[in-house]
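Hi,

Here is the model I promised to pass on. Have a look at it first, and then read on for what turned up.

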Amino acid sequence: MSQHTLDHAAASEVFNRDEPRVDWHDETLWWVRQKRDRASKGIPEWEDLREAASRIKHHVLSNMDVLLETFERNAQNNGVTVHWAANAQEHNEIIHSLLAKKGIDRMIKSKSMLTEECHLNDFLRSKGIEVIDTDLGERIVQLRQEPPSHIVLPAIHLKKSDVGDTFHEHLGTEKGATDPQYLTEAARQHLRETFLTRRAALTGVNFAIAETGGFVVCTNEGNADMGAHLSEIHIASMGFEKIIPKAEHLGVFLRLLTRSATGQPVTAYSSHFHRPRPGQEMHIVIVDNGRSTQLGREDFRNSLKCIRCGACMNTCPVYRRSGGHSYHNAVAGPIGSILAPNLDMRKNADLPFASTLCGSCSNVCPVKIDIHDQLYKWRQVLAKEGYVGGMKKTSLQLAAKVLASPTLFKLSFNTARAVLRMAPWAANNPLNAWSIHRELPDAPKESFRQWYEKNRK
Amino acid sequence: MSTSRESILSAIRKNKPDLLPLPDKFTFESNYPDVLEQYQQTLQMIGGTVEVVPDLPTVSQRIGELFPNFKEVTVTIPDLRYLADVDLENITDPHELEDINLAIIPGRYGVAENGAIWVTEQEMKQRALPFITQHLVLVIRAETIVPNMHEAYERIQVDETGFGTFIAGPSKTADIEQSLVVGAHGARSLVVFIIK
C-alpha cells in the first residue's frame with residue numbers, strides 16, 4: 001500500500017514502468033467499454049433512459065430528507081432496524097457494537113465501496129474481528145493486502161499468474177496454476193465453508209426504495225445472497241444517496257446499471273430485501289460521511305447521482321494507463337476524482353488533475369453526471385483554496401502576467417525562440433516534466449508578428 | 001444515534017437544491033417481434049439453458065434425462081414433488097441445505113430483454129435455496145414473459161414477501177483477468193423450462 005504516499009502522477013509513473021502490463025490493462029478496460037457500447041446500442045431508447053435516470057436522481061437530491069425519512073419509517077415497519085452514521089467512525093462503531101452485542105468475532109462481507117471508504121475492515125480487525133470479503137475480486141486483493149483498484153472489477157490490475165501465486169500461498173492451489181476456472185473453483189470451495197460458518201453478513205446497497213422500505217443488492221456471483229440468507233444478522237451499509245422514490249424506478253436503473261458496467265443485460269442476481277427471515281436480525285446503516293456537504297456544493301452535488309457502474313473508469317484514457325491504485329482513494333477514476341476532494345481537499349488535490357478533460361466519462365455516464373466539467377471546476381476551487389502545488393501555481397501565474405501584456409508577450413516569445421534555436425537542451429531536459437514524453441518542435445527563425453510587420457503591404 | 005440522525009437530516013435540509021419534479025416519462029416499451037424467442041436468445045447468451053415444453057410431465061421427463069440419478073434434490077412445485085428426496089418442510093435452518101445438488105422452483109415472471117426471472121420467498125420457501133444449490137431449474141409459463149423490466153415492475157409488488165430476486169443465468173464471475181467463469185458462489189447451472 002505504498003502507493004498511498006505518492007500523488008497520482010508519481011504513482012502513475014511507477015505503474016507505467018512495466019509497459020506490456022500497462023498495455024494489457026489499457027486494452028482490457030477498453031474491451032469492457034466496448035461491451036458497454038454494444039449493450040447500450042441494443043436498447044433504442046438508451047438516451048431517453050439516461051435522461052429519465054438523471055431526472056429521477058435530480059429529484060432525489062432535491063427531496064433527500066423526505067425520502068430518507070419515508071424509507072426509515074417503512075423499513076422499521078418491515079421489522080428492519082435503521083441506524084444513522086454521520087461519519088466513517090460512527091459507521092464502523094455501529095457495526096462493531098451490533099457484532100459485539102451478539103458476541104460475534106467473524107463476519108463475511110460482500111462488495112461495499114462504502115465500507116472501503118470507511119476503512120471498516122481495518123477498524124474491525126483492530127477490535128479483534130475477522131472480516132472475509134466474498135466477492136472473488138475482493139477476496140483476491142484482500143489476500144494480497146491490497147485495496148481494490150476498480151469499483152466493479154476489484155482485481156483488474158492483476159494477471160492470472162498473480163492470482164495463481166496468491167491462491168497457491170493462501171488456499172493451497174497447485175504452484176504455477178493459472179487457469180481461471182480452476183482458481184475460481186478453489187475460491188468457491190474455500191468461501192463456501194466460510195459462508196456456512198459465519199453468523200454475520202454485511203452487504204452494500206445498490207438501491208434503497210423509499211416507498212417500500214426495502215433495498216436491492218446486485219451481484220453476479222451470488223455472494224451477497226449466500227452470506228445474507230445464511231446469517232443470523234444481516235447488516236446493509238448505504239450511503240444516503242442510494243435512495244430512490246419508488247420500486248417502479250428500479251426498472252430504469254437496473255436496465256442501465258449492468259449494461260454500463262460490464263455490458264451484461266443485468267446482473268445474475270438482483271435481490272430485493274424487505275423483511276428479515278424469521279429469527280434473523282436485519283439492520284441498515286445510513287451513512288453521511290461528507291455527502292451532506294457535497295450536497296451543498298452546487299457545482300459538485302451532481303456527483304451524488306452516481307450508481308457506481310464504473311463506466312467512467314473503463315473509458316478514461318488516464319485511468320486505463322495509470323491504474324486504480326494511483327488514485328489513492330476507495331473510488332478511483334473520474335468519479336472518484338470528483339468525490340475525493342470533498343472528503344479531503346489537501347490529500348486529494350492531485351486527483352482532479354488526473355484527467356485530460358476529454359469528456360468521455362460524461363458521455364458514458366448512465367445518470368448523466370457532468371464529470372469532466374466538475375473535474376475542471378475542482379481545479380479552480382483547489383487553486384483558490386491554496387491546495388495546488390508551487391510549481392503549477394507559479395508557472396500559471398507567470399503565464400497569466402505574460403499573456404496579459406503585449407510587450408512582455410513579445411519579449412518572452414522572442415527570447416524563447418532564440419533559446420530553443422541555440423540551446424534546445426535548456427527546455428528538453430529531465431528537469432522540465434512537460435518534456436519527459438514530448439519533444440519541443442524546432443523553433444522558426446521569425447515569429448508571425450515579425451513576418452506580418454515585414455509583409456503587411 | 002438519534003443525534004446523528006437529526007444532524008444529517010438538518011444538514012441535508014440546509015444544503016439540498018430546490019425541489020425538482022420526478023420525470024413523467026420513465027417507462028418504455030420494447031417491441032420484440034417474438035417475446036418468447038427473445039427470452040430464449042437472451043438466456044442462452046448469459047449462460048443459461050432453456051427448453052420450451054408442453055407440460056409438467058415433460059419437465060419431469062427432461063429433468064430425469066438432464067440430471068440422471070441426482071441425489072439431494074428438492075422441489076417446490078407441488079405437482080413435481082415426487083422428484084425430490086429432500087423435503088423442505090423438515091428444514092428450518094438454511095444451513096441444512098448445504099448438500100443440495102438440484103433445486104426445482106417455479107418462477108413468477110420472465111423478462112425477455114435480460115433473461116431474468118422473478119422469484120419470491122413464496123416460491124423458493126428457503127431464501128438460500130436458489131443460491132446454495134449446485135444446480136437450479138426454474139419453471140415458468142410462456143404467458144408470464146414480459147418484454148422488459150418496466151413491465152416486470154408493473155406486475156410485481158416488490159414487498160409482497162420479505163424477499164424476492166431476479167435470477168438471470170447461473171452464478172458467474174470474470175474477476176480473474178476478465179475470463180468468464182460460470183459457477184462462482186451460487187448455482188453452477190441454470191435450466192429454464194418454459195411451459196407453452
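A cut-off to start with, as one of the helix pairs below depends on it: an angle from 65 to 115 degrees between two axes counts as roughly perpendicular. Please also keep in mind that this is a predicted model.

The pair in question is helix 20 (residues 390–404) and helix 21 (residues 406–422) of chain A, which pack at an angle of about 110°. Helix 20 of chain A and helix 21 of chain A are therefore roughly perpendicular to each other. Their axes are 5 Å apart. On the helix 20 side of chain A the contact involves A:Lys401, A:Val402 and A:Leu403, and these meet A:Leu408, A:Phe409 and A:Ser412 of helix 21 of chain A. By class, that contact comes to four nonpolar residues, one polar and one charged.

The other helix pair I looked at is helix 3 (residues 46–62) with helix 12 (residues 250–261), again in chain A. Here the angle is about 120° and the axes are 10 Å apart. That angle makes helix 3 of chain A oblique to helix 12 of chain A. The crossing of these two helices of chain A is left-handed. Helix 3 of chain A brings A:Leu49, A:Arg50, A:Ala52, A:Ala53 and A:Ile56 to the contact, while helix 12 of chain A brings A:Val252, A:Phe253, A:Arg255 and A:Leu256. Seven of the residues in this contact are nonpolar and two are charged, with no polar ones.

Now for the two chains together. In the interface, 74 residues of chain A are in contact with 63 residues of chain B. Helix 3 of chain A turns up again: with nine residues, it gives the most to the side of chain A that touches chain B. That side of chain A divides into 32 nonpolar, 26 polar and 16 charged residues.

The chains also share a sheet. It is open, has eight strands with mixed pairing, and runs in the order 8(A)-5(A)-6(A)-9(A)-8(B)-5(B)-4(B)-7(B). Its edge strands, each pairing on one side only, are strand 8 (243–244) of chain A and strand 7 (145–146) of chain B. Where do the two chains join? Look at strand 9 (residues 269–273) of chain A, which is linked by five bridges to strand 8 (residues 163–167) of chain B, the two running antiparallel. One of the partners to click on is A:Phe273, whose bridge partner in strand 8 of chain B is B:Phe163. Towards the chain B edge, strand 4 (residues 109–111) of chain B runs parallel to strand 7 of chain B, joined by two bridges. There, B:Val111 has B:Val146 as its bridge partner.

Within chain A, have a look at strand 2 (residues 106–109) too. Strand 2 of chain A pairs in the parallel sense with strand 3 (residues 130–133) of chain A over four bridges, and also with strand 4 (residues 200–203) of chain A, parallel again, over three bridges. A:Lys109 is a handy marker: its bridge partner in strand 3 of chain A is A:Asp133, and in strand 4 of chain A it stands opposite A:Leu202.

Last, the domains. The assignment for chain A gives domain 1 (43–289) and domain 2 (402–455). The C-alpha centres of these two domains of chain A lie 55 Å apart.

Cheers

Definitions and conventions
Residues numbered from 1 in each chain as written. Chains lettered and ligands numbered in written order. Predicted model: local features only at pLDDT ≥ 70, side-chain atom pairs only at ≥ 80, totals over all residues. Contact = placed C-beta atoms within 7 Å. Nonpolar A, V, L, I, M, F, W, Y, C, P; charged D, E, K, R; others polar. Pairing = 2+ DSSP bridges. Axes fitted to C-alpha atoms, helices over the stretch in contact; angles between N-to-C directions. Parallel < 35°, antiparallel > 145°, perpendicular 65-115°, else oblique. Left-handed = near helix turned anticlockwise from the far one by under 90°. Domains from an automatic or database assignment.
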